[in-house]
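Biologist: Please take a close look at the largest pocket of this model, and set its lining beside the contact between the chains and the enclosed space.

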Amino acid sequence: MLSRIVSVSLSAILAENFIFSRFLGICPFVGVAGCRDTAVGMGLAVTFVMSLASAVCWWVDRLLTALGLAYLQTLAFILVIASLVQFVEMFLRKNIPSLYRSLGIYLPLITTNCAVLGAVLLNAQEGSGFFESVFFGAAAGLGFLLAITLFAEVRERLDYSAECPKCFEGTPISLITAALIALAFMGFRGMKIL
Amino acid sequence: MKLGRIFREGLVKNNPVLSLLLGLCSTMAVTTSLFNGLGMGLSVTVILCCCNVCISLLRRLIPDSVRIAVYVVIIAGFVTVVDLLLQALLPALSESLGVFIPLIVVNCIIIGRAEAFASRASVPEAFADGLSQGLGYTAVLVIMSVVRELLGSGTFGAGVFNGGAGWQLFPEEYACSYLILPFGGFLTLGCLIALVQHLRTRRSSPESREEGGAC
């Protein structure tokens, strides 16, 4: 059980990184990762919502299957995620205003982050157990955090120092950078975890 | 008249992927072969048209404060319909697109068009906008998947043409299989956007996006 959880988590962070090998959550990745602080904030918010959503959606999935409504999965999951994000936002605003202020703008964006829905759907597809799902969600979020932070670091340097052809300025060179990081992350695929 | 302009906007000027950078996840993830790219593009186009029409019809009934939630429910409904239809009619496509079909729900193109256009336009305009944005998205997917499939596995149109076999244009062992992997997705899209930026700066009129020869 424990070894399974460790291997699921490690592979979700490294070998099967959501951004670099599964292509989930690219929009905030390209859009937000301008500087490191915002990237870290976004990554933490996503990790938090993702673990929570994995836990809640596991029960929702159980309920839908029991009622024979499995075809409503997508609809139910996105509603759960949207309301969860709303609740988290309200809770933080009331209780931890400092965290709310630093995450503020990123929270509503998480609803449309396909990494969150992706993690939940993948869990449902695999039919994982409760703890496995939660750890997978958390680890996938951490993988997202790792990727977005790494990328922000590279991009900060890119903006200041790099010279590139005019037509590659902006998004194209960022995507090519991401391609090279993805290539590096492929190295983790050969790793045998437990 | 106005519809013509809407079409030009979606296909070239305001192309959802190349200009607005929306829907990047699916653009890179599914374009490993023409079959997948075309299937994904057309599915999104169908969903986009249905959602735009539906939202345009309901635009006076939806209260402003909960509009995003309503849009999400409408979109998720149509996505589920398309998902089930694909599972029944084209199981091969449904299998290879996997989780990316239900993920159309969070594709920013659809909710973006609902918010920016369909909630304010008449039904025919909303339909035309959905069609043109969807086809603009499909065009990018087709270009990317042709390039990646050709260079990555040496085939053209496997699963679509020639009775499903496609054409093997050169032996697979000469192909650069890295282009099929995630690395190739980022690289091809980067080159494609660079090509478009180049064409835009070279001539003021941003016409004719030819095949991505730059990569």
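Modeller: Four helices each supply at least two residues of the lining of the largest pocket: helix 4 (73–95) and helix 7 (114–126) of chain A, and helix 4 (67–89) and helix 5 (91–97) of chain B. Helices here are DSSP runs of H or I, at least four residues long, numbered from the N terminus. The model is predicted, so local features need pLDDT of at least 70 and side-chain atom pairs pLDDT 80 or more, whereas totals for chains, interfaces and linings use all residues. Residues are numbered from 1 along each chain as its sequence is written, chains are lettered from A and ligands numbered from 1 in the order in which they are written, and side-chain values use heavy atoms, without hydrogens and water.

The greatest contribution to the pocket lining, four residues, comes from helix 4 of chain B. A pocket is an open set of points on a 1 Å grid over the protein atoms alone, with protein on both sides within 12 Å along at least five of seven lines; a cavity is a set where a 1.4 Å probe fits but cannot get out, and lining residues have an atom within 4 Å of a point. The pocket holds about 390 Å³, a volume being the space filled by probe spheres set on the points, which are joined across faces, edges and corners. Of its 18 lining residues, A:Gln73, A:Gln125, B:Asp83, B:Gln87 and B:Pro102 lie nearest the centre. By class, nine are nonpolar, seven polar and two charged; Ala, Val, Leu, Ile, Met, Phe, Trp, Tyr, Cys and Pro count as nonpolar, Asp, Glu, Lys and Arg as charged, and the others, Gly among them, as polar.

Helix 4 of chain B brings us to the interface. Contact (heavy atoms within 4.5 Å) takes in 38 residues of chain A and 33 of chain B. In chain B, B:Cys25, B:Val106 and B:Phe186 lose the most area to chain A. The rule finds zero salt bridges across the interface, that is, no side-chain nitrogen of Lys or Arg within 4 Å of a carboxyl oxygen of Asp or Glu. On the side of chain B that touches chain A, helix 2 (24–30), helix 4 and helix 8 (182–202) each give two or more residues; helix 8 gives the most, twelve. That side has 26 nonpolar, seven polar and no charged residues.

B:Cys25 and B:Val106 also line the largest cavity, together with residues including A:Cys27 and A:Cys114. The cavity holds about 110 Å³, and its lining has nine nonpolar, three polar and no charged residues.

Conventions
Buried area = accessible area lost by both parts, 1.4 Å probe.
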